[in-house]
Amino acid sequence: MQVFETLEDMGHEEVVFFNSPCSGLKCIVAIHSTVLGPALGGLRMWPYATEGEALKDVLRLSRGMTYKAAVSGLNLGGGKAVLIGDPEKDKSEALFRALGRFIGSLGNRYITAEDVGTTVHDMDYIFQETDRVVGVHKVHGGSGDPSPFTAYGTLQGIKACLERRYGHTNVGELSYAVQGVGSVGHHLVKLLRKEGAKVFVTDIHGERVQQTVDELGAEAVPMSQIYDTDAKVFAPCALGGIINEDTVPRLRCEIVAGAANNQLESEEWGTALEKRGILYAPDYAINAGGLMNVAIELQGYDKERAYLAVSSIFNNIRNIFNLADRDGIPSWQAADRLAEERIHAIGKIKMPYTKRFKDRLSGRSPHIAGAD
Ligand code: NAD
C-alpha cells in the first residue's frame with residue numbers, strides 16, 4: 001500500500017502505530033477527521049493475517065465513523081483502533097493499560113469504545129489510564145449494553161421509512177422480516193411486536209429463533225427464505241453484504257431498514273434497490289443509536305437523555321430522503337452527501353476562528369461579530 005497516497009485519497013488526518021513489546025501491544029489508531037469534534041470509534045481486536053490487512057481495516061472503519069457521526073448530527077469526528085491479536089488468547093490487563101496510556105497521549109483527538117473482539121472489561125482497564133474511553137462499566141459512569149438503543153434507533157428509522165412510503169407511522173399495520181435475532185435483532189423484534197406487528201425471524205442459532213418465537217410471538221422462517229417472505233419491511237440485523245446480486249432480485253419487500261453494518265455489498269446494490277422501487281434506509285444512519293448513546297457518556301450519562309437523542313434518527317432518515325429528492329440521487333448517496341455537506345459547512349465556519357487566532361498572534365486582531 002502507498003500509505004500517504006491512500007491517506008490523501010481517503011482524507012485521513014493522522015494514523016498512529018503503538019508498539020509496546022513488554023505487554024505485546026501492537027495497535028493502529030486512525031483518526032479520519034476531527035472537523036466536528038474528537039474522533040470517536042471502537043477498538044477492534046482481531047488476529048489480522050498481515051499488518052497491511054489491519055491498516056486497511058482501520059482506515060476503512062475510521063472513515064465510516066466520520067460519516068456516521070456527521071449524518072447523526074453529533075459533534076464528533078471519526079476514528080477507529082485495531083489491536084492485532086487473538087481476543088481469545090492475547091488479552092491482559094497490562095495490554096489494555098498500555099493501550100490506555102497511548103490513547104491518553106493523543107489528548108482529545110481520539111476517544112475509544114467497544115467493538116468486535118473487545119468488551120466492557122477491556123474498556124475498564126483502558127479507563128484506569130485515560131478518560132478518553134466510553135462504553136465503560138456503569139460504575140464508572142458508563143452506559144452498559146448499547147443494543148437496546150441501536151434497536152430503538154432502528155425503530156425510529158423504520159417509522160421515517162413508513163412515513164415516506166405510506167404517509168403514516170403505524171408500525172403495527174405492517175409486517176417485518178428480521179434477519180438475525182442476536183443482541184439488536186431480539187430487541188427490535190420486541191419493539192415491533194409491542195406495536196402489534198407481524199414479524200418473521202431467522203438466525204443461524206436455532207435456539208435464538210425459538211426464544212423469539214416463544215417469548216415474543218414471532219414466526220420462524222428458514223435462513224435461506226428470509227429474502228422471500230411477503231413482509232413489507234426487511235430488517236437486516238446480522239451480517240454485512242447481504243444486499244447483493246443474489247438477493248436484490250428476490251426481495252419482495254418495499255422497505256429495507258435494519259441495524260446491520262455495511263448492508264450493501266457495494267453501492268451499486270443500493271441504487272439497484274431504488275430501481276426496484278424498494279426504499280433503503282442507509283445503514284450507518286439508521287444504526288447510529290449505539291453511538292449516540294455512548295456519546296452521552298461524554299456529558300455525564302443519563303438514560304432518558306440518551307433515548308431522546310436516539311429519537312432524532314427519525315428526522316435524520318427523513319432528511320436523507322428529502323435530500324435524495326432534492327438532488328435526484330439514491331438514499332445511500334444522499335446520506336454520504338448530507339454528512340459531507342455538514343462537515344464542509346462546519347469546517348468553513350471553523351476557518352475564521354483559526355484565521356482570527358492567527359491574526360491575533362500577528363497583532364492584527366480584527367473583530368468578528370459574535371465570535372467571542
Ligand atoms: P449479534 O452477534 O449479537 O447478533 C447477530 C445475530 O445474527 C446472531 O444471533 C447470529 O447468529 C446471526 N447471524 C449471523 N449470520 C446470520 C445469517 N447469515 N442469517 C441469519 N442470522 C445470522 O450482533 P448485534 O450486536 O446484534 O449486531 C447485529 C448487527 O448490527 C451487526 O451487523 C452489527 O455490526 C450491527 N450493529 C450493532 C450495534 C449494537 O449496538 N450492537 C450498533 C450498530 C450496528
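How far is the sulfur of Cys-161 from the closest cysteine sulfur? I open with that question this morning, and I shall answer it in a moment. The structure before you is a predicted model.

The distance is 11 Å, and the partner in question is the sulfur of Cys-253. That is too far for a bond. The relation holds from the other side as well, since the closest cysteine sulfur to that of Cys-253 is the one in Cys-161, again at 11 Å. For a disulfide, the two sulfur atoms would have to lie within 2.5 Å. The structure accordingly holds zero disulfides. As for their surroundings, Cys-161 is buried, with a relative accessible area of 0%, and Cys-253 also counts as buried, at 8% relative accessibility.

Let me turn to the ligand. Its shell consists of 20 residues, and the closest of them are Thr-150, Val-184, Asp-203, Arg-208 and Ala-238. Sorted by class, the shell contains nine nonpolar residues, nine polar residues and two charged residues. Two helices deserve mention here: H5, which spans 147–166, and H6, which spans 183–194, each supply at least two residues of this shell.

Which atoms of the protein approach the oxygen atoms of the ligand? From Ser-183, a backbone N or O atom lies 2.9 Å from a ligand oxygen. From His-205, a polar side-chain atom lies 3.0 Å from an oxygen atom of the ligand. From Ala-259, a backbone N or O atom is placed 3.3 Å from a ligand oxygen. Regarding cover, the ligand taken alone exposes 830 Å², of which the protein buries 75%.

I return to helix H5 for one further residue. Gln-156 sits in this helix and counts as buried, with a relative accessibility of 7%. Once its neighbours within four places in sequence are left aside, Gln-156 is in contact with Val-310, Ser-311, Ile-313 and Phe-314.

A second buried polar residue is Ser-33, in strand E2, residues 25–33; its relative accessible area is 8%. The side chain of Ser-33 reaches the backbone nitrogen of Val-35 at 3.2 Å. Not counting residues up to four places away in sequence, Ser-33 touches Glu-13, Ala-39, Thr-66, Gly-77 and Gly-78.

Next, helix H4, residues 120–127. Which of its residues are buried? They are Asp-122, Met-123, Asp-124 and Ile-126. The buried residues of H4 pack against two elements, namely strand E4 (43–46) and helix H3 (93–105).

My final item concerns the backbone. Most residues other than glycine have a negative phi. Asn-262 departs from that pattern: its phi is positive, at about 50°, although it is not a glycine. Where is Asn-262 placed? It belongs to the loop between strand E11 (255–256) and helix H8 (267–275). With 44% relative accessibility, Asn-262 counts as partly exposed.

To close, I return to the opening question: Cys-161 and Cys-253 are both buried, yet their sulfur atoms, at 11 Å, are too far apart for a bond. Thank you for your attention.

Terms used. Residues numbered from 1 in each chain as written. Predicted model: local features only at pLDDT ≥ 70, side-chain atom pairs only at ≥ 80, totals over all residues. Heavy atoms only, no water. Near = heavy atom within 4 Å. Polar contact = N/O pair within 3.5 Å; in protein donor to acceptor, adjacent residues only side chain to side chain. Areas by Shrake-Rupley, 256 points an atom, 1.4 Å probe, with all protein chains shown as cover. Helix = DSSP H or I, 4+ residues; strand = E, 2+ residues; numbered from the N terminus. Nonpolar A, V, L, I, M, F, W, Y, C, P; charged D, E, K, R; others polar. Buried < 20%, exposed > 50% of the residue type's maximum accessible area, 1.4 Å probe, protein only. Contact = heavy atoms within 4.5 Å.
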